[in-house]
Structure formats: C-alpha cells, structure tokens
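Biologist: Before we discuss any particular feature, please show me the sequence and the model. I should then like to proceed by question and answer.

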Amino acid sequence: MKIAYVIAGTFDKESGVAKKIYNQVKEWEKQGNKVKLFCFTKRNVVDLLTSLDTEVIKFSNYVSFVLNLFLCRKVLKWRPDIVYFRHYPFTLSFYFLFKKLPTVIEYNTDDVEESKLTFNFPVRLFHLLTREFINRNAIGFVTVTYELEKKLKKYNKPIITIANGINNNTFRIVKKTKNSHKINVLFLGSPNQLWHGVDKIYYLASKLPDVNFHLVGIKDKVALKNVHVYGYLSQDQYKKIVEICDVGIGTLALHRKKMNEASPLKVREYLHFGLPVIIGYDDTDFIGKEEDFILKIPNNEENIKENINLISNFIRKSKYITVDSKKIAHIYYSEKEKERVKFLSSLIT
C-alpha cells in the first residue's frame, strides 16, 4: 500500500506523540508499505520525524490554516492508496482531502470532552459544529480505547481499537535502586494537561516527604524539597533519571475529560523500563487482568487522598516488584502495527 500519514499541530520536540508516529511509520515500512508523512505545522519539526520521508507544510496562523482550501494539494499530488489521519479539528483543506481520498481517522482522545478543557468558547463551538463534516466523510476509524470506539459506532463505519504501543528496541534499564534507601518515583508528562493530575502528584509528595518525585516534561516551580522538576528532556537525557527510579505514575485525572479508559505511552515506557506503575483509569491493554506490577486506583477527584496508604505501601514495595516481560509482550508496536495495516488494507480491497 501507498499510505499518506497526515498530522497537524506542534511537533518540535521528541514527545510521546512524535515517537508513536515515527514507530508506526517504521513498522509499516517493514511490512513493505510505502509511507510518506505530511506534517502541517507553524513551527520546525523534530529531527526524529524529518528523518522519515516527510513533507513539512507550514502555515502562518490557525485562521489561515482553517480557511486555506489548497494546503493539502501535495498530499493529493502524491496519490496515496489511503490517508491515515491523526485526528485534528476541521479545516477546509482536510475536508477537501477527505472528499478526494479514502481516509481513516485515528482517535487518541475524546475530542468533545477535551475541548472543554483546551478551547475557549468560540473555538469549541466551531469545533462542535464542524467535527461531523470530518467524521462523516472518513471511511473508517482507529481508536486507542474501547470507550472511544463506542462513541464512534454511531457513524456505522468500520472501526478497530488498537491501544497505544511502544518500540521494543527502546533502551533497556538496569535498575540501580535496590541498594539505595531512598525511594524514587517517576512521572513523564507535558505541561498544562489537567487530566495528567500533576496537582495530585504534588499532594502525594507532600504526604510522603521521604520519597523523591522526578517530573520530566513539567515546567512548574515547586516548593516541595522532594519534588524535582526537569522540563522537557529527550529520551536519551532522561535515561539517567529512569535508572534511579523505582515506580512510575501514569494518568491520575482522566475523569476531568469524562473518560475512564486510556493507553498512555508513558505507562508503556515505564513497564518496558521494568517499573511497576500507579494508574487511575482502565488501561486498554490490561482490562480484566490483575497484575501485581500495576496499582489501579479509582478514577475520581479524591483518588489520591482516599487511597494514600495503599499508594504509599505500593511505592515502598516497588523496589522489589518485578515486571514480567511475558505479561507485557502485547504492548509493543511489532504486533499492534500488523493489526493496523491489515485493517487499512481491508478498507481499500
């Protein structure tokens, strides 16, 4: 197949999203497909993505991006068999693209609920009024959770759920912490994402002053002496931090987006690194499975306060908890992308 992968937004850092896109493309190519990445953005694009066959299409501001009908002409000129579109709000150019080429949308979040947290009222109203034009012209959907799949069933189009994955070639970690008396907790995130629940991590840290908390990707100024904030770091840069950590914290406030299920990339990284995890949601890859290396707490606003002793005990035991590699074999791209490509192929044959 000849696949055009279309993305839009900000991709100037080696984020979890950038790594996901890169790994998807590499796996599709391994399976014999020809793939070209079309990136619509205002900024420069991280080297990780430009190392692929990538066409960067710049726009000056979002108003012009929405109204410009011709920005997708390079995608059309390439003549792909199918377009794989990472969900983005409506633009005239994308609408025209969907009309001209068979397009599958990948949904990674509930855009309706998330818009309440990220858009002002006029922008959110525009999004709610125009999202149907995009969805109704897609030939199918890929979601990362069964919860999202249920919300898209109303369109009566082919749909498949494939949870987020990780590259099994990512560096391994030799934990250096069993001989240390200090316990270290890791969080990988991004600023201004209310559903991450970073405020809850600060509360937890205030109750566990003898535990160190390391927050990568967060820019806050924090008064707590046991909280270490690093801002953005590449994977190579945060490797040394991972090596001293005992446990990872996943998403703790998904309820703020009215969601209960997710498959965050950071949690897959933690598990790959051998770190047990604390999560506040149903993880798509582990629904119905009880693993001793995953502590799942309720998905509500008081989940840290009401489970402080349970969390504290898990953190303190984490040095001696082993992540069984056989039980996480299904989190890797090598398996997930075979399923995705098979689905794409079925839509055009």
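Modeller: Helices (H or I, at least four residues) and strands (E, at least two) are DSSP runs, numbered from the N terminus. The model is predicted: local features need pLDDT of at least 70 and side-chain atom pairs count only at pLDDT 80 or more, while totals for chains, interfaces and linings use all residues. Residues are numbered from 1 along each chain as its sequence is written, and side-chain values use heavy atoms, with hydrogens and water left out.

Biologist: How many helices and strands does the protein chain have, and what is its radius of gyration?

Modeller: The secondary structure of the protein chain amounts to 13 helices and 15 strands. For 349 residues the globule rule (2.2 Å times the number of residues to the power 0.38, with the radius taken over C-alpha atoms) gives 20 Å. The protein chain comes close to that figure, so it is as compact as a globular protein of that length, with a radius of gyration of 21 Å.

Biologist: What share of the residues is buried, and what share of the contacts joins residues 24 or more positions apart?

Modeller: Buried means under 20% relative accessible area and exposed over 50%, with partly exposed in between (1.4 Å probe, protein chains only). On that scale, buried residues make up 56% of the 349 residues. A contact requires heavy atoms within 4.5 Å. Among contacts with a separation of 6 or more, the share from residues 24 or more positions apart is 66%.

Biologist: What kind of aromatic pair do Y5 and W28 form?

Modeller: Rings of Phe, Tyr and Trp (its six-membered ring) pair if their centres lie within 6.5 Å; planes under 30 degrees apart count as stacked, over 60 as edge-to-face and the rest as tilted. This rule yields 19 aromatic pairs. For Y5 and W28, the distance is 5.3 Å centre to centre and the angle between the planes is 20°, which makes the pair stacked.

Biologist: Which elements does that pair link, and are Y5 and W28 buried or exposed?

Modeller: The pair links distant parts of the chain, 23 residues apart: Y5 is in strand β1 (residues 2–8) and W28 in helix α1 (residues 16–30). As for accessibility, Y5 and W28 are each buried.

Biologist: How far apart in sequence are the parts tied together by W28 and Y84?

Modeller: W28 and Y84 form an edge-to-face pair, 5.1 Å centre to centre with 80° between the planes. Both W28 and Y84 are buried. W28 belongs to helix α1 and Y84 to strand β4 (residues 82–86), so the parts that the pair ties together are separated in sequence by 56 residues.

Biologist: Where is A18, and what separates its C-alpha atom from that of L49?

Modeller: A18 is in helix α1 and counts as buried, at 0% relative accessibility. Leaving aside neighbours within four places in sequence, A18 is in contact with K13, V46, L48 and L49. A18 and L49 are 31 residues apart along the chain, and their C-alpha atoms are separated by 6.9 Å.

Biologist: Which residues does I105 touch, beyond those up to four places away in sequence?

Modeller: I105 lies in strand β5 (residues 103–107) and, at 0% relative accessibility, counts as buried. The residues that I105 touches, not counting those up to four places away, are F85, H87, F98, I134, N135, A138, G140, F141 and V142.

Biologist: Which residues form one aromatic cluster?

Modeller: Two contacts of I105, F85 and F98, are among its members. The complete cluster consists of F40, F59, Y62, F65, F85, Y88, F94 and F98.

Biologist: What phi values do R79 and N156 have?

Modeller: Most residues other than glycine have a negative phi. R79, at 67% relative accessibility, counts as exposed and is placed in the loop between α4 (73–78) and β4. N156, at 73%, also counts as exposed and lies in the loop between α8 (146–152) and β7 (159–161). Neither residue is a glycine, yet phi is positive: about 60° for R79 and about 55° for N156.

Biologist: How many residues of helix α11 are buried, and what phi does G274 take?

Modeller: Helix α11 (residues 265–272) is mostly covered, with eight of its eight residues buried. These are L265, K266, V267, R268, E269, Y270, L271 and H272. Just after α11, G274 takes a positive phi of about 90°.
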